[in-house]
Amino acid sequence: MLIPTSIKLHKASRILELHYGSESYRLPAEYLRVHSPSAEVQGHGKPILQTGKMNVALIGIEPAGNYALKLTFDDGHDSGLFSWDYLYQLALRQDELWRDYLDALAAAGQSRDPNESVVRLML
């Protein structure tokens with residue numbers, strides 16, 4: 001289990017910065033929100049695609065024992081505990097997981113933008 005040596009929340013840029021020794025990772029709030037380990041997002045074995053989260057911000061970070069962080073988002077979501085292992089995997093696989101998320105949005109005809117509604121016309 002890798003535990004960050006430093007954790008910084010950059011509220012203006014909506015970034016959670018994690019340091020692991022000499023390595024650092026910058027995880028956007030939207031990325032963390034759409035990959036929350038909560039049942040609301042992960043479902044019960046079948047993940048639920050999160051849409052319209054482009055402008056979401058992190059408003060709180062709390063330790064959960066010695067094993068996780070509880071992140072609170074400004075859309076009211078605060079039920080997922082991000083274990084140290086899960087956070088490290090999100091950091092390592094950020095490019096891949098973000099690409100998969102964007103592909104899933106496109107396949108579902110959905111958007112990251114909460115002010116945008118995608119309509120498909122069947123002609």
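Colleague: Are Y20 and Y25 buried or exposed in this model?

Modeller: In this predicted model, both Y20 and Y25 are buried, a label that requires under 20% relative accessible area.

Colleague: What makes the aromatic pair of Y20 and Y25 edge-to-face?

Modeller: The centres of the Y20 and Y25 rings are 5.9 Å apart, and a pair is accepted if the centres lie within 6.5 Å. The planes of Y20 and Y25 stand at 70 degrees, and because angles over 60 degrees count as edge-to-face, this is the class that the pair receives. Ring pairs also link Y20 and Y25 with Y88 into a cluster, and the structure holds six aromatic pairs.

Colleague: Why is the pair of F82 and Y86 called tilted?

Modeller: The ring centres of F82 and Y86 lie 6.1 Å apart, with the planes at 40 degrees. Planes under 30 degrees apart would count as stacked and those over 60 as edge-to-face, with the rest called tilted, so the pair of F82 and Y86 is tilted.

Colleague: How do you know which of the labels buried, exposed or partly exposed applies to F82, and which applies to Y86?

Modeller: F82 has 0% relative accessibility and therefore counts as buried, the limit being under 20%. Y86 has a relative accessible area of 25%, and because partly exposed covers the range between the 20% and 50% limits, Y86 is partly exposed.

Colleague: Which residues have the most contacts inside the largest nonpolar core?

Modeller: This core has 20 residues, and those with the most contacts inside it are L32, L58, L71, F73, F82 and L87. At least two core residues come from each of β2 (15-20), β3 (23-28), α1 (29-34), β5 (68-73) and α3 (84-92), with α3 giving the most, namely five residues. Leaving aside residues up to four places away in sequence, L71 touches several others, including L16, L32, L58 and F82.

Colleague: What makes β1 and β3 edge strands?

Modeller: The open sheet has three strands in the order β1-β2-β3, with antiparallel pairing, and β1 (6-10) and β3 each pair on one side only. Averaged over neighbouring strands and ignoring direction, the turn of one strand against the next is 15 degrees.

Colleague: How do you know that β1 and β2 pair?

Modeller: Pairing requires at least two bridges between the strands, and five bridges join β1 to β2 in an antiparallel arrangement. L9, for instance, has L16 of β2 as its bridge partner.

Colleague: Where does α3 lie with respect to these strands?

Modeller: α3 lies across β1, β2 and β3, and runs at about 90 degrees to β3.

Note on methods: Residues numbered from 1 in each chain as written. Predicted model: local features only at pLDDT ≥ 70, side-chain atom pairs only at ≥ 80, totals over all residues. Heavy atoms only, no water. Core = buried A, V, L, I, M, F, W, Y, C linked by side-chain atoms within 4.5 Å. Buried < 20%, exposed > 50% of the residue type's maximum accessible area, 1.4 Å probe, protein only. Helix = DSSP H or I, 4+ residues; strand = E, 2+ residues; numbered from the N terminus. Contact = heavy atoms within 4.5 Å. Axes fitted to C-alpha atoms, helices over the stretch in contact; angles between N-to-C directions.
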